[in-house]
Amino acid sequence: MKPDELAKLTAYFRKTFNNPSIVAKARPQKKDSCELYVGEEFLGVISRDDEDGDLSYNFSMAILDIDLE
């Protein structure tokens, strides 16, 4: 993803979750997705979907059972 997209996604997640330590970071080998972090903690992947002329972003987060304990 381009730097301006990363900045917009970072601003969106920071505002939505009221957390200034959230940041969207580029993935080295992927141009259609980025990673979301809170500080150094990996949260998940944001995928860009621009099929059919409609641009949207999908956020995917895995939650392990040990994280729920």
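1. A good place to start is a single pair of residues in this predicted model: S47 stands opposite N58, and N58 belongs to strand 4. This pair sits within the wider pairing of strand 3 and strand 4, which run antiparallel and are joined by 5 bridges.

2. The connection between these two strands also deserves a look, for the hairpin of strand 3 and strand 4 has 6 residues between the strands, and in this hairpin D52 takes a positive phi near 60°.

3. Stepping back to the whole chain, one counts 1 helix and 4 strands, and their order along the sequence follows the pattern α-β-β-β-β. The C-alpha trace of the chain spans about 40 × 25 × 25 Å when taken along its principal axes.

4. The 4 strands form an open sheet in the order 1-2-3-4, and the pairing in this sheet is antiparallel. Strand 1 (22-27) and strand 4 (56-60) stand at the edges and have a single partner strand each, so one side of each is left without a neighbour in the sheet. On average, and with direction ignored, neighbouring strands of this sheet are turned by 30° against each other. As background for a first reading, strands of a sheet pair through backbone hydrogen bonds, and this pairing may be parallel or antiparallel.

5. At the other end of the strand order, strand 1 pairs with strand 2 (residues 30-38) in the antiparallel sense over 6 bridges, and here V23 stands opposite Y37 in strand 2. Helix 1 (residues 3-17) packs on the sheet, where it touches strand 1, strand 2, strand 3 (41-49) and strand 4, and the direction of helix 1 makes about 150° with that of strand 1.

6. A search of the whole structure for aromatic pairs finds 4. One of them is formed by F13 and F17, whose rings are stacked, with 6.1 Å from centre to centre and 15° between the planes. Why are F13 and F17 separated by about one helical turn? The reason lies in their positions, because these two residues are 4 residues apart in helix 1.

7. Finally, the largest pocket has a volume of about 170 Å³, and the residues that line this pocket are E41, F42, L43, M61, A62, I63, L64 and D67. Sorted by character, the lining of the largest pocket divides into 6 nonpolar residues and 2 charged ones, with no polar residues.

Notes
Residues are numbered from 1 along each chain as its sequence is written. This is a predicted model: local features need pLDDT of at least 70, side-chain atom pairs count only at pLDDT 80 or more; totals for chains, interfaces and linings use all residues. Side-chain values use heavy atoms; hydrogens and water are left out. Two strands pair if DSSP finds at least two bridges between them. Axes are lines fitted to C-alpha atoms, for helices over the stretch in contact, and angles run from 0 to 180 degrees between N-to-C directions. Contact means heavy atoms within 4.5 Å. On a 1 Å grid over the protein atoms alone, a cavity is a set of points where a 1.4 Å probe fits but cannot get out, and a pocket is an open set with protein on both sides within 12 Å along at least five of seven lines; lining residues have an atom within 4 Å of a point. Grid points are joined across faces, edges and corners, and a volume is the space filled by probe spheres set on the points. Ala, Val, Leu, Ile, Met, Phe, Trp, Tyr, Cys and Pro count as nonpolar, Asp, Glu, Lys and Arg as charged, and the others, Gly among them, as polar. Rings of Phe, Tyr and Trp (its six-membered ring) pair if their centres lie within 6.5 Å; planes under 30 degrees apart count as stacked, over 60 as edge-to-face and the rest as tilted.
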